[in-house]
Structures are given as structure tokens and as C-alpha cells.
Amino acid sequence: MVAGGTGYIGSHTTVELQNAGYEVIIFDDLSNSNVEVLDGIERITGVRPDFVKLDLKDKEATRKALENYPDVKGIILFAASKAVGESVRMPLKYYRNNIVTLINLLELMPEFGVEGIVFSSSCTVYGQPDRENLPVTENAPIKPATSPYGNTKQINEEIIRDTIHSGAPFKSVILRYFNPIGAHPSAEIGELPNGVPQNLIPYLTQTAIGIRKELSVFGDDYNTPDGSCIRDYINVVDLAKAHVVAMDRMLENKSDYPIEIFNLGTGKGVSVLELIHTFERATGVKVPYKIVGRREGDIEQVWANPERANKVLGWTAKESLADTLLSAWNWQKRLRERGVQ
């Protein structure tokens, strides 16, 4: 069961799960996604996943939905609110959406014999790492979160850890993502937020195609080579494939540990301004942008040391930044062809 499976990462993971032979059921409330994503998944894989429109904060409704799918063995939890800036403005929305959903699923899993949960976590749990901890390994200190969004990820990791420590009859793999970007190479699915995008790449591509007037770069006075924030941008299909490996690992009992944590990134830090210039070179399209003030909750620089995922999971990020940005642009053009934007 993929919770949040019509969302950006969830839809790409559903494709990879189906390609690997899994039967997938999607539970999603469509609060930040569109049911037409199912059409794209079906066009890519030839299989339409079962879909249940469901608010996972409603425990009884979730129980009833699971009663219809008694063979669910694994859950991947994507369903969450995910914009740093919005979380600073609307903290209670984030605490309710992100934490209640997890608690409901953890309480219901033993009832239905679910063997494991893959949790969609984030590099935000590291806060702003000290320079000696860059690139970030899984052993880097967990710093105080710089946003309510980041705090929900920290809290959820603690909830999973405490639940499994108490003797819960299931396993968990926690995947700490760095910054997922791009789209499926078929341009059948990609990132499509409802309303004004909160994330960098859809705002960038919407600006490049003329929907938005200009892109705002939040700060050029950070202690980085060009003054803009540095992130580790990972191709969303590469990221999706890691979830398949994680699910295999849990269900096939390949680990001696009931809970494991992996960083998912490329191992390379790229600044926001570098990203914009790479997009322009890859696509031949200029992106109008302006420098504005820093955004509350943003971290100055963070990128992954992905060695544990490389060695233990046998997973590696493979796609180049230029190809990934080109895939995002091709997706934006496909949306224009369909009259979506």
C-alpha cells in the first residue's frame, strides 16, 4: 500500500514497484495531487493500481479500507504536507497531517499483519550540519529542526523507533531524502502541485514556460561560493527505485535489524544559482529570476554521503543533473500540450 501514491514521489515509486512485480494499492486524499496521475502510471506500466480516496487521519476509514485489502504486506508512507515555508506559517496543519497519519498506520499494521513500513523522511532532520559533518552520514547529529516540517520528520522517526523498540511485530526502513527533482523520462508523470508551487523546480519550470513572471532566489548572502543555498538534488526515478530495494529488503528479511536508516542523495552539493544555470544550459531556455531575502526555515547547505545506501542496499543515484532538469522541462512542456497549465 502506497500512502500518498498519487503525489510526486509516490507516483514514481508506484511505477517502479509495479515494474518490479508488486501489486500496488494507493491511498490518497488528493489534497496536493490529481487522480489523473493514475492514467500516467497506467500508460507507463500497463497496469492501473487500485486507488482509494482516503484521509489517513481518519483511523476508522483507514481501517475499513484495509479490510478490503487483507493481503497488504508492506506500506510506504509518503502522505504528508511537505513545504518548509508553509510549515512555518501553518505549523498545526503540519503536525496534524504528518504525525496523526503515521500513528494511525502504526496502530493498524498489527491488526492486518502488515510486515513492514518504509517511511519517507528527510535530510531536514540533520538541521544545519556542522562543516565537519558535510557530506552528511546517517551518524551525523540530529539537530534542532529549523521548521515545523523538519520537526515532524524528526518526531515521526522517533515514533517509529519507539514503537519498534516496544516490540511491535513489524520492521521499518527510514529513507532520508535529500532534494528530489525531475520527472519520469516518458513525461507521463512528474511534479504537479496544486496551486502556486512551494518547491523550487516546478516554480522554475513554470517560470521558464511563462506561467510565472520570475523565480525568487531566497538569499545570495549565505556562506557558500556564490551566496545561494546548497542542496543535493536527486533524480526522482533514482529515488523511487530505492523504495523498491527497501521493500524487498524488509519483506525478504535480508536485514538482522528491525529498523534501518539510509540517506538517499547523489553525494554532490549544488547551489540554487548553479541549478538555474545548469537548467538553462540543458534546455536552452533562459529563466528570469531575482534575488530576494532569505526564507525562514531554510538551511544554508547540506548534501549526502550516500555510501551506506550504496553498499548495504546496493542502490546508487545514476542520473545526471542536466538530464534530470531536462526531464522536468519535458514534463512541463507535456503539461502545456495537455492544456493543464
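**Salt bridges, two helices and a buried serine**

Glu188 is buried, with just 17% relative accessible area. In this predicted model, Glu188 pairs up with Arg338 in a salt bridge, with N and O 3.1 Å apart. Glu188 sits in the loop between strand S7 (179–181) and helix H7 (200–208), while Arg338 belongs to helix H11 (residues 321–338), so the bridge ties together parts of the chain 150 residues apart in sequence. Arg338 itself comes out as partly exposed, at 37% relative accessibility. The pair doesn't stand alone either: Glu188 and Arg338 belong to a salt-bridge network that also takes in Arg43, Arg334 and Glu337.

The full tally is 24 salt bridges. One of them joins Asp130 to Lys143, with 3.1 Å between the closest N and O atoms. Both residues of this pair are in the loop between strand S5 (116–122) and helix H6 (148–165), 13 residues apart. Asp130 is partly exposed at 33% relative accessible area, and Lys143 is also partly exposed, at 21%. With the cut-off for buried set at under 20%, Lys143 at 21% therefore falls in the partly exposed class.

Another bridge runs within a helix. Glu157 and Arg161 are both in H6, four residues apart, or about one turn of the helix. An α-helix has 3.6 residues a turn, so positions three or four places apart point the same way. The closest N and O atoms of Glu157 and Arg161 are 3.7 Å apart. As for accessibility, Glu157 is buried, with a relative accessible area of 3%, whereas Arg161 is partly exposed at 34%.

On to helix H2, which covers residues 37–45 and has Val37, Leu38, Gly40, Ile41 and Thr45 as its buried residues. These take up an arc of only 160° around the axis, which puts them on the same side of H2. The cover over them includes helix H1 (8–19), strand S2 (25–28) and strand S3 (50–53). Right after H2 comes Gly46, with a positive phi of about 80°.

Helix H8 (residues 236–251) is another story. Twelve of its 16 residues are buried, so the rest of the structure largely encloses H8. Among the buried ones are Val236, Val237, Leu239, Val244, Met247 and Met250, but also Asp238, His243 and Arg249. The geometry of H8 checks out too: at 1.5 Å a residue, its 16 residues should span 22 Å, and the end C-alpha atoms are 23 Å apart, which agrees. At the N-terminal end, Asn235 acts as the cap, with a side-chain oxygen 2.8 Å from the backbone nitrogen of Val237. Just past the other end of H8, Asn253 has a positive phi of about 55°.

Finally, there is Ser81, found in the loop between strand S4 (74–77) and helix H4 (84–89). Ser81 is buried, at 9% relative accessible area. Beyond its neighbours within four places in sequence, Ser81 touches Lys93, Tyr94, Asn97, Asn98 and Tyr149. With Asn97 there is a polar contact between side chains, at 2.8 Å. Thr13, in turn, is 68 residues from Ser81 in sequence and 18 Å away in space, C-alpha to C-alpha.

Methods: Residues numbered from 1 in each chain as written. Predicted model: local features only at pLDDT ≥ 70, side-chain atom pairs only at ≥ 80, totals over all residues. Heavy atoms only, no water. Buried < 20%, exposed > 50% of the residue type's maximum accessible area, 1.4 Å probe, protein only. Helix = DSSP H or I, 4+ residues; strand = E, 2+ residues; numbered from the N terminus. Arc of directions from axis to C-beta. Contact = heavy atoms within 4.5 Å. Expected span 1.5 Å × (residues − 1). Polar contact = N/O pair within 3.5 Å; in protein donor to acceptor, adjacent residues only side chain to side chain. Salt bridge = Lys/Arg side-chain N within 4 Å of Asp/Glu carboxyl O.
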